[in-house]
Amino acid sequence: HQTVQDRWIISTLLPHLNFLRMAAGLLANDARRAAEAGDGDTAAKNIVALYGISRHCESIPFLVDLLVADAIQRQARVATEDVLRDHPQVWSNDQLRDLAHQTAAAKIDWRRGFIGERVSFYDSMQRVYTDDGNGDGRLALYVGSNTAGEQTIFEVLNAVATNVSDLGMVEPPLSNKIVAMLAMPATNMVVASRKEMIDTYDRFANRALEQLEVPLWDTNAAQSIDEEAQQLSSDPLGKFRYLFVNLLLPAHDALRTRYVTSQGERDGTLIGLALELYHREHKKWPASLAELAPRWLPELPVDRITGKPLRLKIVDDRPIVFSAGVDGDDDGGRLPKYYAEREHEYTVGPEYKLDPNATELMLEQYDGDWVVWSTVKTIGKSESE
């Protein structure tokens with residue numbers, strides 16, 4: 001009996017990512033436990049180990065590996081914030097500086113993720129197209145074989161498109177070998193050739209690489225890549241002509257906002273460590289973040305959403321560092337209502353975009369700031385009321 005798994009064009013097994021992420025969670029919690037027990041050395045070593053695990057995840061150049069690496073780095077940043085909120089004296093000045101260096105060095109090269117994605121796409125195209133000698137082959141009727149016999153391109157496409165198990169699945173009409181053979185000429189007239197398919201994929205990928213580091217405040221940025229891809233897939237002809245691009249193209253806009261979010265959170269942690277060192281020396285918080293540079297910070301990060309300086313507010317003799325948030329205005333470090341009672345990892349960063357046609361209720365829920373660092377113990381209640 002032929003299973004869906006037998007018919008995949010390509011599959012990648014990365015089980016180690018889940019284990020590494022689970023191990024990272026244990027280390028982050030152990031850092032909190034050690035800090036509560038007054039063991040600052042173990043707490044710091046756990047944070048450093050988290051950054052080490054993230055580097056291990058980055059070694060394989062797939063976007064999923066980098067996303068897991070970023071998630072692990074986020075655990076390190078959140079654990080650092082938690083320790084300095086609840087047990088600020090557990091770390092020495094030297095340990096704070098070392099953690100700042102570790103955080104600054106933990107800069108993911110997101111461009112590497114495109115290497116694996118591109119190679120996977122090329123490999124898939126090599127499997128489903130013939131080659132006429134010029135690298136511009138047409139769809140191949142047979143794309144592989146398994147215990148049940150040869151598979152047609154239509155069987156593979158059905159498995160990929162439906163993404164369901166064989167239990168109760170009705171076989172597509174074109175799974176019949178004779179019918180599939182008769183349908184191939186018409187299919188090749190509709191679906192782009194291999195060269196055109198790869199050129200289209202490369203065009204999107206190259207644009208994504210160019211825009212990856214374009215600031216969010218750049219109003220002259222080109223059209224959203226995902227919007228352009230959506231237009232391609234919504235066109236009746238484009239939907240089928242560029243079938244493989246539509247199926248295998250990553251969500252580049254989401255990747256860009258994840259990249260910016262990671263940068264903002266990293267900025268917040270570096271500022272937070274610098275604030276703690278400043279406070280220990282001066283016995284007070286700075287009047288503005290500008291006082292941290294260049295002694296405690298080589299340069300002061302900017303608001304990743306607006307390009308303007310980040311804001312600092314002192315509440316209950318604790319600092320809050322915040323961005324203008326997705327609504328673009330200063331709400332005094334107040335979290336959006338929808339997230340006000342949640343943990344800080346749910347605060348609204350650039351990954352949450354306000355729809356221009358958002359309802360009044362949505363605008364009210366997301367009206368607030370993106371808090372990139374805070375050691376205020378009751379930020380949810382004190383800043384949302």
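Is Asp-331 buried or exposed, judged by its relative accessibility? I looked this up first in what is a predicted model. Asp-331 has 18% relative accessibility and therefore counts as buried, the limit being under 20%.

**Entry: Asp-331 and its partner**

I then looked for the partner of Asp-331. Its side chain meets that of Arg-334 in a salt bridge, with 3.2 Å from N to O. Arg-334 has a relative accessible area of 22%, so I noted this residue as partly exposed. The two residues of this bridge thus fall on either side of the 20% cut-off, Asp-331 at 18% and Arg-334 at 22%.

**Entry: other salt bridges**

I asked how many salt bridges the count comes to. The count comes to 21. As background, I recorded that side chains of opposite charge can pair when their charged atoms come close.

I examined Arg-33 and Asp-30 next. Their side chains form a salt bridge with an N to O distance of 2.7 Å. Both belong to helix 1, which covers residues 15-36, and because they are three residues apart they are separated by about one helical turn. I added the general point that an α-helix has 3.6 residues a turn, so residues three or four places apart point the same way. For accessibility, I found Arg-33 partly exposed at 44% and Asp-30 partly exposed at 25%.

I turned to Arg-118 and Asp-202, whose closest N and O atoms are 2.8 Å apart in a salt bridge. This pair links distant parts of the chain, with Arg-118 in helix 5 (residues 113-128) and Asp-202 in helix 8 (residues 194-211), 84 residues apart. I noted that Arg-118 and Asp-202 are both buried.

I also recorded a network of salt bridges that links Asp-70, Arg-74, Arg-77, Arg-258 and Glu-265.

**Entry: aromatic pairs**

I found three aromatic pairs in the structure. In one of them, the ring centres of Phe-121 and Tyr-201 are 4.0 Å apart and the planes stand at 10°, so the pair is stacked. Phe-121 lies in helix 5 and Tyr-201 in helix 8, 80 residues apart, and the pair links distant parts of the chain. I noted that helix 5 and helix 8 also hold the two residues of the salt bridge between Arg-118 and Asp-202. Phe-121 counts as buried at 1% relative accessibility, and Tyr-201 counts as buried at 3%.

How are the rings of Tyr-129 and Phe-244 arranged, and what are the distance between their centres and the angle of their planes? The centres are 6.0 Å apart and the planes stand at 65°, so I entered the pair as edge-to-face. Tyr-129 is in the loop between helix 5 and strand 1 (142-146), while Phe-244 is in helix 11 (residues 243-248), and the two are 115 residues apart. I found Tyr-129 and Phe-244 buried.

I made a separate note on a charge and a ring: Arg-203 lies over the face of Phe-204, at 4.9 Å from the ring centre.

**Entry: helix 3**

I checked the length of helix 3, residues 63-86. At 1.5 Å a residue its 24 residues should span 34 Å, and the end C-alpha atoms are 34 Å apart, which agrees. I then looked at its cover. Of the 24 residues of helix 3, 21 are buried, so the helix is largely enclosed by the rest of the structure.

**Entry: two contacts across the sequence**

I placed Ile-198 in helix 8 and found it buried, with a relative accessible area of 18%. Its C-alpha atom is separated by 9.6 Å from that of Asp-136, although the two residues are 62 residues apart along the chain.

I placed Ala-274 in helix 12, residues 252-282. Ala-274 is buried, with a relative accessible area of 2%. Ala-274 and Arg-97 are 177 residues apart in sequence, yet 8.3 Å apart in space from C-alpha to C-alpha.

**Entry: a nonpolar surface patch**

Which residues form a nonpolar patch on the surface? I found that Val-190, Leu-237 and Phe-240 do so, with about 270 Å² of accessible area together. Leu-237 belongs to helix 10, residues 236-241. I entered Leu-237 as exposed because its relative accessible area is 52%, where the limit is over 50%.

How values were computed:
Residues numbered from 1 in each chain as written. Predicted model: local features only at pLDDT ≥ 70, side-chain atom pairs only at ≥ 80, totals over all residues. Heavy atoms only, no water. Salt bridge = Lys/Arg side-chain N within 4 Å of Asp/Glu carboxyl O. Helix = DSSP H or I, 4+ residues; strand = E, 2+ residues; numbered from the N terminus. Buried < 20%, exposed > 50% of the residue type's maximum accessible area, 1.4 Å probe, protein only. Patch = residues over 30% accessible without salt bridge, like charges linked within 9 Å, V, L, I, M, F, W, Y side chains within 5 Å. Areas by Shrake-Rupley, 256 points an atom, 1.4 Å probe, with all protein chains shown as cover. Phe/Tyr/Trp six-rings, centres within 6.5 Å; stacked < 30°, edge-to-face > 60°. Lys NZ or Arg CZ within 6 Å of the ring centre and 35° of its normal. Expected span 1.5 Å × (residues − 1).
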